[in-house]
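These entries record what I looked up in one structure, beginning with the pairing of strands and ending with enclosed space.

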Amino acid sequence: MAEQIKVIVFALGNEEYGIDVDKVRTIERMMPITRVPKTYSFIKGVINLRGVVIPVIDLRGRFNLEESEYTDQTRIIIVAVGDMEVGFIVDAANDVVDLDRDNIDSPPEVVGGVKAKYLDGVAKVGEDRLLIMLNLAEVLNRGEVAHLEQLED
């Protein structure tokens, strides 16, 4: 029997992405973000979540996708990257699915405009649904993590 993992499903545009539920701390509604000068354009700033300052990244900007207006569906997914927490702004986060590891294939070079280095694979869910699995270690490279750690201080 294949190993099962639980995955949080979120949307960016018309594509659905997945993050292993073990890496997700919480999912929050959109909230005021304090801009921080001299940061990467995809780093929107920081939020104060229950007394903890958390850097926030717009995944659309990170993946060079067209930016869109935030809506009532927009969410900030707080994930653990190493020993740090980071918020990812996504269009919607509305599902948790169980996946067999066997149903996750290696990623093609580019999926929906997102480079393969950011991806862990593509998961088949049911007959006609594909989930793009994120590689959190690559979404934030070491230099960017160091930059974000400075924002927390």
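**Entry 1. Strands 2 and 13.** I looked up how strand 2 meets strand 13 and found that the two run parallel, joined by two bridges. Please note that I worked from a predicted model. For Tyr 17, I recorded Ile 132 in strand 13 as the bridge partner.

**Entry 2. The six-stranded sheet.** I then followed the sheet outward and read the strand order as 8-1-2-13-12-9. This sheet is open, has six strands and shows mixed pairing. At its edges I noted strand 8 (92-100) and strand 9 (104-105). Each of these two has a single partner strand, so one side of each is left without a neighbour in the sheet.

**Entry 3. The five-stranded sheet.** I found an open sheet of five strands, in the order 3-6-7-5-4, and its pairing is also given as mixed. Strand 3 (24-29) and strand 4 (43-49) are the edge strands, and each of them pairs on one side only. From one strand to the next, I noted an average twist of 30 degrees. Inside the order, I looked at strand 5 (residues 52-58) and strand 7 (residues 84-90), which pair in the parallel sense over three bridges. I entered Ile 89 in strand 7 as the bridge partner of Asp 58.

**Entry 4. Glu 28.** Is Glu 28 buried or exposed? I recorded a relative accessible area of 13% for Glu 28; because buried means under 20%, Glu 28 counts as buried. This residue lies in strand 3, one of the edge strands of the five-stranded sheet. Leaving aside residues up to four places away in sequence, I listed Leu 49, Arg 50, Arg 75, Ile 76 and Ile 78 as the residues that Glu 28 touches. For Arg 75, I noted a separation from Glu 28 of 47 residues in sequence and 5.7 Å in space, C-alpha to C-alpha.

**Entry 5. Met 31.** I next turned to Met 31, in the loop between strand 3 and strand 4. Its relative accessible area is 22%, and Met 31 is therefore partly exposed. With residues up to four places away in sequence left out, I found that Met 31 touches Ile 47, Leu 49 and Ile 76. Leu 49 and Ile 76 also appear in the contact list of Glu 28. Between Met 31 and Thr 74, I recorded 43 residues in sequence and 9.8 Å in space, C-alpha to C-alpha.

**Entry 6. The largest pocket.** Which elements each supply at least two residues of the lining of the largest pocket? I found three entries: strand 2 (15-20), strand 13 (129-134) and helix 2 (136-139). The lining residues include Ile 19, Asp 20, Lys 23, Arg 101, Asp 120, Met 133 and Leu 136. By class, I noted seven nonpolar, one polar and four charged residues in this lining. The pocket holds about 190 Å³ of space.

**Entry 7. The cavity.** How many cavities of 30 Å³ or more does a search of the whole structure find? I recorded one. The largest cavity has about 40 Å³ of space. Among the residues that line this cavity, I marked Asp 58, Thr 74 and Ile 89. Asp 58 and Ile 89 are the bridge partners recorded earlier, and Thr 74 is the residue set against Met 31 above. Also in this lining are Leu 12, Arg 60, Glu 69 and Tyr 70. I closed the entry with the classes of the cavity lining: four nonpolar, two polar and four charged residues.

How values were computed. Residues numbered from 1 in each chain as written. Predicted model: local features only at pLDDT ≥ 70, side-chain atom pairs only at ≥ 80, totals over all residues. Heavy atoms only, no water. 1 Å grid on protein atoms, 1.4 Å probe; cavity = no way out; pocket = protein on both sides within 12 Å on 5 of 7 lines; lining within 4 Å. Points joined across faces, edges and corners; volume = space filled by probe spheres on them. Helix = DSSP H or I, 4+ residues; strand = E, 2+ residues; numbered from the N terminus. Nonpolar A, V, L, I, M, F, W, Y, C, P; charged D, E, K, R; others polar. Pairing = 2+ DSSP bridges. Axes fitted to C-alpha atoms, helices over the stretch in contact; angles between N-to-C directions. Buried < 20%, exposed > 50% of the residue type's maximum accessible area, 1.4 Å probe, protein only. Contact = heavy atoms within 4.5 Å.
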